[in-house]
Amino acid sequence: MKYFKTIMLIATLMLTSNPALNAQNQKYTIHADYVKPSMEKEYVDVSKVFVAECKKYNLQNADWMEARLDNGTYLTIEAISNMAALDVNSYAPLADKMGAANFQALLDRYSKCYDKHGSYVVTLIKDLTYMPDGAVATQEGMNYRKYHYLYVTPSISKMIAEKLKAIKELYVKKGSKEYYRVYHSGYGTLGEFYLVVISAKDELSYAKQSNENDALIGDEGKKLLDDLFQNISRYDPVTGYMQPDLSYTATK
């Protein structure tokens, strides 16, 4: 436990050393299940059972959003108030109400669906996010996601944040309709990145929105984006869809 707390302190110091990260920014835990193609149907089935059990017993303080990436990875996304929340087992009340044996049976079904999984923390950076109506993670009818992973090294992280801020300022000036959220990697990630997430109705809507935005921001925007990509260490674009039927919100 002492070792774990030391690691957590180091992670916290790393997060707070970046001026882009402050107390106003929302933290999220991401649990990634790398589901085997042959077991995806089973994974979805057991996930629906798990959601049904949470609804049956009205599990509190364990709300999550589920997303599926195009490579078959499933992400369980939960907002947390602080890093201390990682010490709390939000599902213990469900195990008590279901019975330990029944709860473990669900976990056993899950474990057959993947050979590896893991968890990490990301933080929503409001100062870099462009959502004029409020930085919300879900938007009605817009379940398509485009994830832009911008990998950086510690020596250029602050500089990249400044470049992202300049891009946001241009979007504000132009009144862009392409809204996006920017997250910063945290505890549990191997490699530092900024993650730009764009929502749309579907892939065609995303492409149309992107083309219209390119025309709107013009050469000024192209110059800023080119400069950004010239300075990051790696770029990984990923597509996916939110899965409302596998997500859960408690009834208060």
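**Burial and overall size**

I looked up burial first: 46% of the 252 residues in the protein chain are buried. I note that this is a predicted model. I counted a residue as buried when its relative accessible area was under 20%. For the accessible surface of the protein chain I have about 13800 Å², with 55% of this belonging to carbon and sulfur atoms.

I then checked the radius of gyration. The protein chain has 19 Å, and a compact globule with 252 residues would have one near 18 Å, so the two agree. Along the principal axes, the C-alpha atoms fill a box of roughly 60 × 45 × 35 Å.

I also looked at how far apart in sequence the contacts reach. Taking contacts between residues at least 6 apart, I find that 83% join residues at least 24 apart.

**Elements and barrel**

I listed six helices and eight strands for the protein chain. Read from the N terminus, their order is α-β-α-β-β-α-α-β-β-α-β-β-α-β.

How do the eight strands run in the barrel? I traced a closed barrel in the order β1-β3-β2-β8-β5-β7-β6-β4, and the pairing is antiparallel. On average, neighbouring strands of this sheet are turned by 35° against each other, direction ignored.

I took one pair for a closer look. Strand β6, residues 181-185, and strand β7, residues 192-200, run antiparallel and are joined by four bridges. Within this pair, Arg181 stands opposite Val197 in β7. Helix α5, residues 157-174, packs on the sheet and touches β5 (144-152), β6 and β7. I noted that the direction of α5 makes about 25° with that of β7.

**Helix α5**

I stayed with α5 and checked its length. The helix has 18 residues and spans 26 Å from its first C-alpha to its last, close to the 26 Å expected at 1.5 Å a residue.

Which residues of α5 are buried? I find Ser157, Ile160, Ala161, Lys163, Leu164, Ile167, Lys168, Leu170 and Tyr171. Two lysines, Lys163 and Lys168, are on that list. I kept the general rule in mind here: an α-helix has 3.6 residues a turn, so residues three or four places apart point the same way.

What do the buried residues of α5 pack against? I have β5, β6 and β7 as partners, together with helix α6 (203-231).

Last, I looked at the end of the helix. Gly175 comes just after α5 and takes a positive phi of about 65°.

Technical notes:
Residues numbered from 1 in each chain as written. Predicted model: local features only at pLDDT ≥ 70, side-chain atom pairs only at ≥ 80, totals over all residues. Heavy atoms only, no water. Pairing = 2+ DSSP bridges. Axes fitted to C-alpha atoms, helices over the stretch in contact; angles between N-to-C directions. Contact = heavy atoms within 4.5 Å. Rg over C-alpha atoms; globule rule 2.2 N^0.38 Å. Buried < 20%, exposed > 50% of the residue type's maximum accessible area, 1.4 Å probe, protein only. Areas by Shrake-Rupley, 256 points an atom, 1.4 Å probe, with all protein chains shown as cover. Expected span 1.5 Å × (residues − 1).
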